[in-house]
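Biologist: Please take one buried polar residue and the aromatic surroundings of its strand, and walk me through them slowly, with the cut-offs stated as you go.

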Amino acid sequence: MRVRFLLGLLTALIAVAPGLNAQDVSGNLLEVSKSAICSEIVNRSPADGGVRFSPEVGKLYCFSRISNIESPTQIQHVWYFNNTERARVELSVNPPYWRTYSSKRIMPEETGRWRVDILDNEGNVLKTLGFDIAP
């Protein structure tokens, strides 16, 4: 009984704590339900996805399907080459789920390890996609 009372009190305090938003309180956080690095987007879906691409690929896309969206918000795709940020793309997403993508030109000399971090509007990493550019 006492534990139930304390849990109720804690829940009430969290609900009115300044700086928290509705998603934090409800536990409904954005979710990356599908993602891919690919060389093409066809009919708003990823095509030719993979984790290893040729240096001649020219351009790659990061596709994200974001779920559990309660209100319009933003996500970011942050592209890294050998742990150095190369591009940051802000993307709008809307309830209840949204498909979106960003792209990055890949120069033939940019061989090595790449990754894209998918971030929520507060900078939290929702998912990381790693891939290699190699002959």
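Modeller: Contact here means heavy atoms within 4.5 Å. This is a predicted model, in which local features need pLDDT of at least 70 and side-chain atom pairs count only at pLDDT 80 or more, while totals for chains, interfaces and linings use all residues. Residues are numbered from 1 along each chain as its sequence is written, and side-chain values use heavy atoms, with hydrogens and water left out.

I would begin with H77, which is found in strand 5; strands (E, at least two residues) are DSSP runs, numbered from the N terminus. Leaving aside neighbours within four places in sequence, H77 is in contact with C62, S64, A87, R88, V89, L91, Y101, S102, V116, D117 and I118. H77 has a relative accessible area of 0% and is therefore buried, where buried means under 20% relative accessible area, exposed over 50% and partly exposed in between, with a 1.4 Å probe and protein chains only. Two of these neighbours also meet H77 through polar contacts: its side chain is joined to that of S64 at 2.7 Å, and to that of S102 at 2.7 Å. A polar contact is a pair of N or O atoms within 3.5 Å; within protein, one must be able to donate a hydrogen and the other to accept it, and residues adjacent in sequence count only if both atoms are side-chain atoms.

Y101, another neighbour of H77, leads to the aromatic pairs, of which the structure holds five. Rings of Phe, Tyr and Trp (its six-membered ring) pair if their centres lie within 6.5 Å, and planes under 30 degrees apart count as stacked, over 60 as edge-to-face and the rest as tilted. Y61 and Y101 form an edge-to-face pair, 5.7 Å centre to centre with 75° between the planes. This pair links distant parts of the chain, since Y61 is in strand 4 and Y101 in strand 7 (residues 98-105), 40 residues apart. Y61 counts as buried because its relative accessibility is 18%, whereas Y101, at 40%, counts as partly exposed.

Strand 5 itself supplies W79 to a second edge-to-face pair, with F131 as the partner, 6.2 Å centre to centre and 80° between the planes. F131 belongs to strand 9, and the two residues are 52 apart along the chain. W79 is buried at 0% relative accessibility, and F131 likewise has a relative accessible area of 0% and is buried. Ring pairs join W79 and F131 with F53, F81 and W114 into a cluster.

W79 and F131 also figure, together with I37, L60 and I66, as the residues that touch the most other members of the largest nonpolar core, which has 21 residues. Such a core is a set of buried Ala, Val, Leu, Ile, Met, Phe, Trp, Tyr and Cys residues joined through side-chain atoms within 4.5 Å. Among the elements giving two or more residues to this core are strand 5, strand 8 (112-119) and strand 9 (125-133). In soluble globular proteins, nonpolar side chains tend to be buried together.

These strands also take part in an open sheet of five strands, in the order 3-9-8-5-6 with mixed pairing, where two strands pair if DSSP finds at least two bridges between them. Strand 3 (52-53) and strand 6 stand at the edges with a single partner strand each, so one side of each is left without a neighbour in the sheet.

Methods:
Helix = DSSP H or I, 4+ residues; strand = E, 2+ residues; numbered from the N terminus.
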